[in-house]
Amino acid sequence: MMWMEALLSNDFMHTADVLFIALTETALICKILNNWHYARMANSILWEWSQSERFILQSKEEQALVRREQRKFVRITIVYFICSLGVVPCIFLSALLNYPNELPFWMWVPFDWQQPRLYWYPYLYELIAVPFTCVSNVTLDQLNCYLMLQLSLFLRVLGIRLSRLNQTNAGNEDELYCQFLQLVQLHRRLKHQANEIQAFISKSTLIQILLSSFILCLSIYSMQMLNVLSNPGIFAAMAQYLFAMTMQIFLPSIYGNAVTYYCSQLPNALYSSEWPEMSVRMRRLIYSFMIYLNQPMNLKAGGFFCVGLPLFTKILNQSYSLLALLLNMNK
């Protein structure tokens, strides 16, 4: 219904006002279909992390690390929820002040909603639909972020175990060899899971990247053209919406960058072990594995963009370029 409103509109400003919400909803639909398609893959990864003996945390340091980072993730998710749902009361209360001439979000309906009796049908529909889509958007985004977070945490745990590899803790060379093989197998499994996570987040992240530049650009353009500073409710809603949209592309960039960074730190962690005191055979194995660890682990969106902080800055730069183009066209 939003796309119908945008296509039937003759006013460019009105079209831009509708499009930045319609694009957000379109991206949500694409993410729902993507996560539905790869649901079994994500479920198997989460099940393995919680049930497999390979991923049991072995020391208090590892447990404290995982608990601390997961508490941070919970706090970030709560802030994300508040910013997304905070749009709802601001925009809906503002629409009531202009009753019956303005809906919270513009959309096409097959009747004249500006009649007082008919106005409440689309208003109540949006009052139910908008919070539901906000919650859906946040949970789908945070599922991708959670998978990347856990992958980066297990890479950090692997780094801790590699740095503690020594003859004293193992007792003899055979036990040290078994411990080393277990760490090699853990790294191999994490690399395989990274490929699965990339398949899970690839298409949805690519769609979000392609649409985020337009969404940020159109929302800022609408704020400037509509002079939202004169309406505190609309200004508060738009400010929270912009913050939520920025978090929507910033959080995957942060967690994707963490996967790349902590994977690159594994050779340093292995070098920090007591490998000079080991036998010639173990030193050769460690040297070979250290060369193998130099291969980067990058999560890519659509096979084109590496998910990381450079991607975030690139999206902001594209948004600014589009906004400058729109302002020049307006002049």
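**Entry 1: the start of the chain**

A helix here is a DSSP run of H or I at least four residues long, numbered from the N terminus. With that in hand I looked up W3. I found W3 in helix α1, which covers residues 2-8. I kept in mind that this is a predicted model.

Is W3 buried, partly exposed or exposed? I read a relative accessibility of 38% for W3, so I noted W3 as partly exposed. Next I listed what W3 touches. Leaving out residues up to four places away in sequence, W3 touches L19, A22, L23 and T26. I also checked W3 against M107. These two are 104 residues apart along the chain, yet their C-alpha atoms are separated by 7.6 Å.

**Entry 2: the whole chain**

I stepped back to the full fold. I counted twelve helices and two strands. Reading along the sequence, I met eleven helices, then the two strands, then one more helix. I took the extent of the C-alpha trace along its principal axes, and got about 85 × 40 × 35 Å.

How much of the chain is buried? I noted 47% of the 331 residues as buried. For the surface I wrote down about 17300 Å² exposed. Carbon and sulfur atoms supply 63% of that area.

I then looked at contacts with a separation of 6 or more. Of these, 77% join residues 24 or more positions apart. Last came the charges. The chain has 23 positive and 19 negative charges, and their mean positions are 7 Å apart.

**Entry 3: the nonpolar core**

I looked up the largest nonpolar core. It holds 98 residues. Which members touch the most others? I listed M148, L162, L165, L190, I197 and L270. Helix α8 gives the most to this core, with 18 residues.

I picked L270 from that list for a closer look. Beyond its neighbours within four places in sequence, I found L270 in contact with L162, L165, W275, I286, F289, M290 and L293. F289 was my next stop.

**Entry 4: F289 and H187**

I placed F289 in helix α11, residues 280-293. F289 counts as buried because its relative accessibility is 5%, under the 20% cut-off. Which residues does F289 touch, apart from those up to four places away? I wrote down L162, F180, V184, H187 and L270. I took one distance as well. F289 and F180 are 109 residues apart along the chain, with their C-alpha atoms separated by 9.9 Å.

I followed the contact to H187. H187 is in helix α8, which covers residues 173-226. Is H187 buried or exposed? I found H187 buried, at 2% relative accessibility. With neighbours within four places set aside, H187 is in contact with L158, L266, F289, Y292 and L293.

**Entry 5: K203**

I stayed in helix α8 and looked up K203. K203 has a relative accessible area of 48%, so I marked K203 as partly exposed. Beyond four places in sequence, I found K203 in contact with N34 and Y38. I also took K203 against V74. They are 129 residues apart in sequence and 25 Å apart in space, C-alpha to C-alpha.

**Entry 6: the cysteines**

How many disulfides does the structure hold? I found zero. I wanted reasons, and I went through some of the cysteines.

I began with C145. Its sulfur is 14 Å from the closest cysteine sulfur, in C83, and that is too far for a bond. A disulfide needs the two sulfur atoms within 2.5 Å. I also noted C145 as buried, with a relative accessible area of 1%.

Why does C306 form no bond with C263? I read 12 Å from the sulfur of C306 to the one in C263, its closest cysteine sulfur, which is too far. C306 is partly exposed, with a relative accessible area of 38%.

I then looked up C263 itself. C263 is in helix α9, residues 232-264. I found C263 buried, at a relative accessible area of 2%. Leaving out residues up to four places away, C263 touches L155, L293, Q295, P296 and M297. I checked C263 against L158 too. They are 105 residues apart in sequence and 9.4 Å apart in space, C-alpha to C-alpha.

**Entry 7: a link back**

I went back over my contact lists for L293. I had met L293 among the contacts of L270. I had met L293 beside H187. I had met L293 again at C263.

Key:
Residues numbered from 1 in each chain as written. Predicted model: local features only at pLDDT ≥ 70, side-chain atom pairs only at ≥ 80, totals over all residues. Heavy atoms only, no water. Buried < 20%, exposed > 50% of the residue type's maximum accessible area, 1.4 Å probe, protein only. Contact = heavy atoms within 4.5 Å. Areas by Shrake-Rupley, 256 points an atom, 1.4 Å probe, with all protein chains shown as cover. Lys, Arg positive; Asp, Glu negative; His and termini not counted. Charge placed at Lys NZ, Arg CZ, Asp CG, Glu CD. Core = buried A, V, L, I, M, F, W, Y, C linked by side-chain atoms within 4.5 Å.
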